[in-house]
Amino acid sequence: MAQKLSDEARQHKNKYNAEYVKQTKGAAQRKWNEENKERKKQKSFFLWLPQDKDILDHLDAVDNVSGYIKDLIRADINR
């Protein structure tokens, strides 16, 4: 059974992890990216202020923006 961390312990862990990433300069992430570059694609687009502020505000309220957008696209495909 997993033990829940106190806020102080969680902050310490997050600080430690951030420092580790700085020290290793993200080597593990770069290695993963290199090994998996054929499995992923990135698409980007611009949202303009002020005309797209409503979209930006909505996306800021979503926990998983990538999953949210994927779900919207799949729902559109299935229509």
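Helices here are DSSP runs of H or I with at least four residues, strands are runs of E with at least two, and both are numbered from the N terminus. With that in hand, helix H4 (residues 65–78) is the top contributor to the lining of the largest pocket, giving five residues. Keep in mind that this is a predicted model, where local features need pLDDT of at least 70, side-chain atom pairs count only at pLDDT 80 or more, and totals for chains, interfaces and linings use all residues. Residues are numbered from 1 along each chain as its sequence is written, and side-chain values use heavy atoms, with hydrogens and water left out.

**Overall build**
- The protein has four helices and zero strands, so going from the N terminus the order is simply α-α-α-α.
- Its radius of gyration (taken over C-alpha atoms) is 18 Å, well over the 12 Å that the globule rule (2.2 Å times the number of residues to the power 0.38) gives for 79 residues, so the protein is more spread out than a compact globule.
- Along the principal axes, the C-alpha atoms fill a box of roughly 45 × 35 × 35 Å.

**Confidence**
- pLDDT is the predictor's confidence in each residue, from 0 to 100; the protein averages 90, and 97% of its residues reach 70 or more.
- Helix H1 (residues 7–24) has the lowest confidence, with a mean of 87, while H4 has the highest, at 97.

**The largest pocket**
- A pocket is an open set of points on a 1 Å grid over the protein atoms alone, where a 1.4 Å probe fits and protein lies on both sides within 12 Å along at least five of seven lines.
- This one holds about 360 Å³ of space, a volume being the space filled by probe spheres set on points joined across faces, edges and corners.
- Lining residues (an atom within 4 Å of a point) include Lys41, Phe45, Leu59, Val65 and Ile73.
- Sorted by class, the lining has five nonpolar (Ala, Val, Leu, Ile, Met, Phe, Trp, Tyr, Cys, Pro), three charged (Asp, Glu, Lys, Arg) and two polar residues (the others, Gly among them).

**Surface and burial**
- Buried residues (under 20% relative accessible area, 1.4 Å probe, protein chains only) make up 8% of the 79 residues.
- About 8200 Å² is exposed (Shrake-Rupley method, 1.4 Å probe), and carbon and sulfur atoms supply 54% of that.

**Spots to look at**
- Leucine 49 and proline 50 are joined by a cis peptide bond, with omega about 5°; proline 50 sits in the loop between helix H2 (27–35) and helix H3 (53–60).
- Alanine 61 is in the loop between H3 and H4, and at 65% relative accessibility it counts as exposed (over 50%).
- Valine 21, in helix H1, counts as partly exposed at 47% (between 20% and 50%).
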